[in-house]
2 protein chains.
Amino acid sequence: MSPRGRPRAFDREHALTQAMFVFWERGYEGTSLADLTGAMGINPPSLYAAFGGKEALFCEAVERYGETYGSYTPRALREEPTARAAIEAMLRDNAHTYVDPEHPTGCMVVLAATNCSPANRDVCDHLKAQREEVRELIRARLHRGVEEGELARTVDVEALGAYYATILFGLSMQARDGVGLPGLTAIIDAAMSCWPGAKATENATGAASEMDTAPVASS
Amino acid sequence: MSPRGRPRAFDREHALTQAMFVFWERGYEGTSLADLTGAMGINPPSLYAAFGGKEALFCEAVERYGETYGSYTPRALREEPTARAAIEAMLRDNAHTYVDPEHPTGCMVVLAATNCSPANRDVCDHLKAQREEVRELIRARLHRGVEEGELARTVDVEALGAYYATILFGLSMQARDGVGLPGLTAIIDAAMSCWPGAKATENATGAASEMDTAPVASS
DNA sequence: CCCTTTCTGTATCGATGACTACATAAAAGA
DNA sequence: TCTTTTATGTAGTCATCGATACAGAAAGGG
């Protein structure tokens, strides 16, 4: 059961986490092998033996991100009782992580490879596929809301989903530009005020009234 | 008046435009000198003589972008008669340019340098400052709306401005991921439905009713 | 004409990019 | 102990990065 040869001298999980942070902060092309080996505390041969290469390491780092800091989106969309609560929790939970000073700001999937040279198209496409997955999860949750009678059948699920995905992606840019949690919270308040059926004469950016759902905790 | 030495053999303006397109498509770090000289149809010494270097060329390309494809934002915020019309025109005009197949998708200021290696921090900060300028223009226009009585004094200009900036930035990511004009238009419809005072029982994503302002042209 | 000035193309520069050859070290199996 | 297997650290590989040295070409001034 124990592997045959010389045991690895570093913690693979910890090294992967460190790599994730660097990629998250500087993006794929902005991160060099020297940056990675420095942050991971290992030499290039160890990196290649354990992870295969820069691109493979990046993909694993994205996976790890999805299982940790990026897990709030699927969690909220899966576990919250209503579509509205799911979308709102998705936005607020992510906003919290986007500004956590313990790690880089914003979302790694949005910021780490928005553009690239043709040589790295695979990496770009990989993150693009991750974002498409988020869109699909949002759409699916809204569709379920329609099926369960929470949302009217007249609601354009496609459009509403794209709208909240836009908010989610835009929040990453705002966080990366230094907008803090109060700022992001105010943005989400505004974004939730146009939930279908929200009876607002003055919405969250003005004097609140007649919101049919109370805001979720934002600490 | 004619310069002393050998005349330049290429059109500086045209070369700058080509450089802008490449930076727009691939980002600052994703673009190499070879990419630039190839697209501009010149050799490195000509590039350095005419523009100074990669970073200086990028800054000029961003300037050029601001005077052309990026000019819709300040135009809308300056010229539209009401704050609401200004914000809506800003979003719709930009959406049109974001998906124009004649050039790269999305906004160069949002996509060309969201993250970077420490060596290129200046470039990142430069674009970040450009985005801050957009935020300030939006805030100023909303503030003017309050002063002119269009918006209630209870409206949180800071929050509403951040909200529409988030939409604007998010649209770039959507466009870059392949969302077309109909998709972006639907997102903007939703975003405008939570304008303060919008009396919507069903908003743009459902069955529209009682919108106090008609949508602006979206072709 | 020559001189100065500026631009152009070739052919690089040193630095850094991702990646690896190789000898050695540390474990298990025999 | 000896072999096999895998990981490690040193020291490189080749390609490409942004940026230039240099010689010649194309203009104006004299």
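Helix H3(A) gives the most to the surface near DNA strand C, with three residues; helices here are DSSP runs of H or I of at least four residues, numbered from the N terminus, and a residue is near a strand if one of its heavy atoms lies within 4 Å of it. This is a predicted model, in which local features need pLDDT of at least 70 and side-chain atom pairs count only at pLDDT 80 or more, while totals for chains, interfaces and linings use all residues. Residues are numbered from 1 along each chain as its sequence is written, chains are lettered from A and ligands numbered from 1 in the order in which they are written, and side-chain values use heavy atoms, leaving out hydrogens and water.

Both chains take part in the surface near DNA strand C: helix H3 (44-51) of chain A and helix H3 (44-51) of chain B each supply at least two residues. In total, 22 residues surround this strand, the closest being Leu33(A), Tyr48(A), Arg6(B), Ala9(B) and Asn43(B). Sugar and phosphate make up 72% of the atoms of DNA strand C that come within 4 Å of the protein. A phosphate oxygen of the strand is 2.7 Å from a side-chain N or O atom of Tyr48(A), and a sugar or linking oxygen is 3.0 Å from a polar backbone atom of Arg4(A). A base oxygen of DNA strand C, in turn, lies 3.2 Å from a polar side-chain atom of Arg6(B).

DNA strand D has 21 residues around it, of which Ala9(A), Asn43(A), Leu33(B), Tyr48(B) and Lys54(B) come nearest. Here H3(B) gives the most to the surface, with three residues. Of the atoms of DNA strand D within 4 Å of the protein, 70% belong to sugar or phosphate and the rest to bases. Phosphate oxygens of this strand lie 2.5 Å from a backbone N or O atom of Leu33(B) and 3.0 Å from a polar side-chain atom of Ser46(A). A polar backbone atom of Arg4(B) is 3.2 Å from a sugar or linking oxygen of DNA strand D.

Turning to the cysteines, the structure holds zero disulfides over all chains, a disulfide being a pair of cysteine sulfur atoms within 2.5 Å. Cys194(A) is in no disulfide, and the nearest cysteine sulfur, that of Cys194(B), is 3.7 Å away. Cys194(A) is buried (under 20% relative accessible area, 1.4 Å probe, protein chains only), with a value of 3%. The sulfur of Cys107(B) is too far for a bond, because the closest cysteine sulfur, in Cys124(B), is 14 Å away.

Note on methods:
A polar contact is a pair of N or O atoms within 3.5 Å; within protein, one must be able to donate a hydrogen and the other to accept it, and residues adjacent in sequence count only if both atoms are side-chain atoms. Buried means under 20% relative accessible area, exposed over 50%, partly exposed in between (1.4 Å probe, protein chains only).
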